[in-house]
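Ready for a few warm-up exercises on a protein fold? Have the structure open beside you, try each task yourself, and then walk through the solution.

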Amino acid sequence: MAERRQITGFSNPTVKYLRSLREKKHRKVAGKFLAEGLRLLTDARESGHVPEVLVMAAGRDPHPLLAQLECAVWAAGGEVIETSGDILSKITGKDNPQTVCGVYAEFDTGLAALDRSRAKIWLVAQALRDPGNLGTLLRTGDAVGAGGLILIDDCADPFSVEAVRASMGAVFTQGIAQARWDEFLPWLRGGEAQLVAASLRDAVPYRGAPYAAPCFILVGNESRGLPEDYELACDLRVTMPMHGRADSLNAAVAAAVLAYEVLDSLG
C-alpha cells in the first residue's frame, strides 16, 4: 500500500486548493467537488464513485469502512492525505467536521447524458435557490427510485458542500442535468414524457390524477413558484389541499408528496 501524505501546515497549497472547492467559481475551474463523512463516502463507493483525493483526520478511531475506502482510493490511483482535525475543519468549513472528506470529479450534467427510459419518475426544479432543498430533492429522488434531477434555469449548485451534504449521498445515485427552459422543453418533447406540475391553474386533485411514465415532476422557485408559461406547457397540473393558513408547501416537500403519489399510481 502506498504511503499517506502528511499535511501539518494551514498554509500548505493543497489545503488552500481543497478549501477553494467550497466556492462555486473554483469548483467550476477545477471540475471537482467536496463530499464529507464516512457514511456518505461509503455510499458513493458502493455506487461506483471513488474519491480522487481522500483526506482523513489523524488520531481518529480505526473503522473497517474507512479501511475499505482507503484501499479503493489506492486501487484507483488516488491520493490519501492525513492531517489534523483543525486543518480538516478549515477545508470543510465546519467547526466540528467529520473525520474524513473526499474530492470527486464533477459529473456530466448535460441533458444528453440522461436516459429517460431508465426510470418511471424524474424530478425537475426551476430556479431552486436553496442548496438544502436541492439536496433534499436528490434524496427524495433516490427514495422513490427516480432517474434523477433536472435543474432548470438559475438553480443552486448541486455540487456545493451544502447540497451534497443534504443529499445524504444521493448526489452519487441520481442523474443530474442542468439546462435552460428553452433547451429542456425541446429535449423533453423529443421523446416519451409527461410533464406534471403542482399548480392552482386549471388543476385537478393530485390524488388519482392520470399520471403516465416517464413522469417528470416540475417544481418552481421557493418564493415565486413556476412562471405561468412554464405551467401552461405542462401536460398535467395538479393541486394539493391546504387545510391550514399556509397557501403552499415547501418546494422539496411538495415534490416528495407528489412523487410518492405518482409512484403509487404507476405501480
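**Exercise 1. Compare the span of helix α4 (residues 64-75) with the span expected at 1.5 Å a residue.**

Solution. Start with the count: α4 has 12 residues. Next, go from its first C-alpha to its last, which gives a reach of 16 Å. That is close to the expected value, 16 Å. Keep in mind that you're working on a predicted model. Just past the helix, look at Gly 77: its phi is positive, near 80°.

**Exercise 2. Find the buried residues of α4 and name elements that cover them.**

Solution. Step one is to pick out residues with under 20% relative accessible area, because that is what buried means here. In α4 you get Leu 66, Leu 69, Glu 70, Ala 72, Val 73 and Trp 74. Step two is to see what lies over them: the cover includes α3 (38-46), β3 (53-57), β4 (79-83) and β5. Step three is the direction: α4 lies across β3, β4 and β5, and runs at about 150° to β3. Helix α5 (residues 85-92) packs on the sheet too, touching β1, β2, β3, β4 and β5. The direction of α5 makes about 40° with that of β5.

**Exercise 3. Work out the strand order of the five-stranded sheet, and say which strands stand at its edges.**

Solution. First, a reminder: strands of a sheet pair through backbone hydrogen bonds, either parallel or antiparallel. Now trace the neighbours, and you'll read β1-β4-β3-β5-β2. The sheet is open and its pairing is mixed. The edges belong to β1 (5-7) and β2 (32-36): each has a single partner strand, so one side of each is left without a neighbour in the sheet. On average, neighbouring strands here are turned by 25° against each other, direction ignored. For one pairing, take β3 and β4, which run in the parallel sense over five bridges. You can spot Ala 57 opposite Thr 83 in β4.

**Exercise 4. Classify the ring pair Tyr 104 and Phe 172 as stacked, tilted or edge-to-face, then do likewise for Trp 187 and Phe 216.**

Solution. There are 12 aromatic pairs in the structure. For Tyr 104 and Phe 172, the ring centres are 4.7 Å apart and the planes stand at 55°, so this pair is tilted. It bridges distant parts of the chain: Tyr 104 is in strand β5 (residues 100-105), while Phe 172 is in the loop between α7 (161-167) and β8 (175-179), 68 residues apart. Tyr 104 and Phe 172 are buried.

Now for Trp 187 and Phe 216: 6.0 Å centre to centre, with 85° between the planes, makes an edge-to-face pair. Trp 187 sits in helix α8 (residues 181-189) and Phe 216 in strand β11 (residues 215-219), 29 residues apart. Trp 187 and Phe 216 are both buried.

Zoom out a little, and ring pairs link Trp 122, Trp 181, Phe 184, Trp 187, Phe 216 and Tyr 230 into a cluster. One more thing about Trp 187: the charged end of Arg 116 sits over its ring, 4.4 Å from the centre.

**Exercise 5. Is Lys 28 buried, partly exposed or exposed, and which residues does it contact beyond its sequence neighbours?**

Solution. Locate Lys 28 in helix α2 (residues 24-30). Its relative accessible area is 38%, so it counts as partly exposed. Then skip neighbours within four places in sequence, and the contacts left are Glu 106, Asp 157, Phe 159 and Gln 178.

**Exercise 6. Check the backbone at Met 168, Asp 202 and Pro 214.**

Solution. Take Met 168 to begin with, in the loop between α7 and β8. Its phi is near 55°, a positive value in a residue other than glycine. At a relative accessible area of 45%, Met 168 is partly exposed.

Asp 202 is in the loop between β9 (194-198) and β10. Phi is positive for Asp 202 as well, near 50°. Its relative accessibility is 63%, so Asp 202 counts as exposed.

Finish with Pro 214, in the loop between β10 (204-205) and β11. The peptide bond joining Ala 213 and Pro 214 is cis, with omega about -10°.

How values were computed
Residues are numbered from 1 along each chain as its sequence is written. This is a predicted model: local features need pLDDT of at least 70, side-chain atom pairs count only at pLDDT 80 or more; totals for chains, interfaces and linings use all residues. Side-chain values use heavy atoms; hydrogens and water are left out. Helices (H or I, at least four residues) and strands (E, at least two) are DSSP runs, numbered from the N terminus. Buried means under 20% relative accessible area, exposed over 50%, partly exposed in between (1.4 Å probe, protein chains only). Contact means heavy atoms within 4.5 Å. Rings of Phe, Tyr and Trp (its six-membered ring) pair if their centres lie within 6.5 Å; planes under 30 degrees apart count as stacked, over 60 as edge-to-face and the rest as tilted. A charge sits over a ring if NZ of Lys or CZ of Arg is within 6 Å of the ring centre and within 35 degrees of the ring normal. The expected span of a helix is 1.5 Å times one less than its number of residues. Two strands pair if DSSP finds at least two bridges between them. Axes are lines fitted to C-alpha atoms, for helices over the stretch in contact, and angles run from 0 to 180 degrees between N-to-C directions.
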